[in-house]
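Grab a pencil and let's work through a few exercises together. Have a look at the fold before you read the solutions.

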Amino acid sequence: MQEYKVVVLGSGRVDKSVLTVQFVTGTFIKKYNPTIEDFYLKEIEEDASPSVLEILDTAGTEQFASMWDLYIKNGQGFILVYNLVNQQSFQDIRPMRDQIIRIKR
């Protein structure tokens, strides 16, 4: 079975966890609960073969930014999340994108 490691990154309070939980379980979370680090498994089918997504939902606060290098080194795919009505959250993902490119080349 093929496994893929996906990392969800973005600034705080852009609903990374809401999107992740909705994708994995189909459940919409209304209550905000700050994330430090959550890990999810989702079975999918790719080209008619079973696969597993290992999804790491990360903290969006600067105090955990030092861990991003480790997340990026271990990740194979990345989802950068921002809030459509918050321009700053969009600007916040650029350094994350640059860091992914720098580490993954």
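Below are some tasks, each followed by a worked solution.

This is a predicted model, where local features need pLDDT of at least 70 and side-chain atom pairs count only at pLDDT 80 or more, while totals for chains, interfaces and linings use all residues. Residues are numbered from 1 along each chain as its sequence is written, and side-chain values use heavy atoms, with hydrogens and water left out.

**Exercise 1.** Work out which elements the protein has and in what order they run.

*Solution.* Start by counting: you should get 3 helices and 4 strands. Helices here are DSSP runs of H or I with at least four residues, and strands are runs of E with at least two, numbered from the N terminus. Now walk along from the N terminus, and you'll read β-α-β-β-α-β-α. Next, check the overall build: the radius of gyration, taken over C-alpha atoms, is 14 Å, close to the 13 Å from the globule rule for 105 residues, so the protein is as compact as a globular protein of that length. That rule is 2.2 Å times the number of residues to the power 0.38. Finally, the C-alpha trace spans about 40 × 35 × 20 Å along its principal axes.

**Exercise 2.** Find out which strands pair with β3, and how they run.

*Solution.* Two strands pair if DSSP finds at least two bridges between them. Take β1 (residues 2–9) to begin with: 7 bridges join it to β3, and the two run parallel. Along this pairing, glutamate 3 sits opposite valine 52, and valine 6 faces isoleucine 55. Then turn to β2 (residues 37–46), which is antiparallel to β3 and joined to it by 10 bridges. Here phenylalanine 39 is opposite leucine 56. β2 and β3 make a hairpin with 2 residues between them, and aspartate 47 in the turn has a positive phi of about 50°.

**Exercise 3.** Place β4 (residues 77–80) by finding its link to β1.

*Solution.* Look for the bridges: 4 of them join β1 to β4, and these strands run parallel. One pair to spot is valine 7 opposite phenylalanine 78.

**Exercise 4.** Is strand β3 largely enclosed or left open?

*Solution.* First, the yardstick: buried means under 20% relative accessible area, with a 1.4 Å probe and protein chains only. In the protein, 36% of the 105 residues count as buried. In β3 (residues 49–58), 8 of the 10 residues are buried, so this strand is largely enclosed by the rest of the structure.

Technical notes
Buried means under 20% relative accessible area, exposed over 50%, partly exposed in between (1.4 Å probe, protein chains only).
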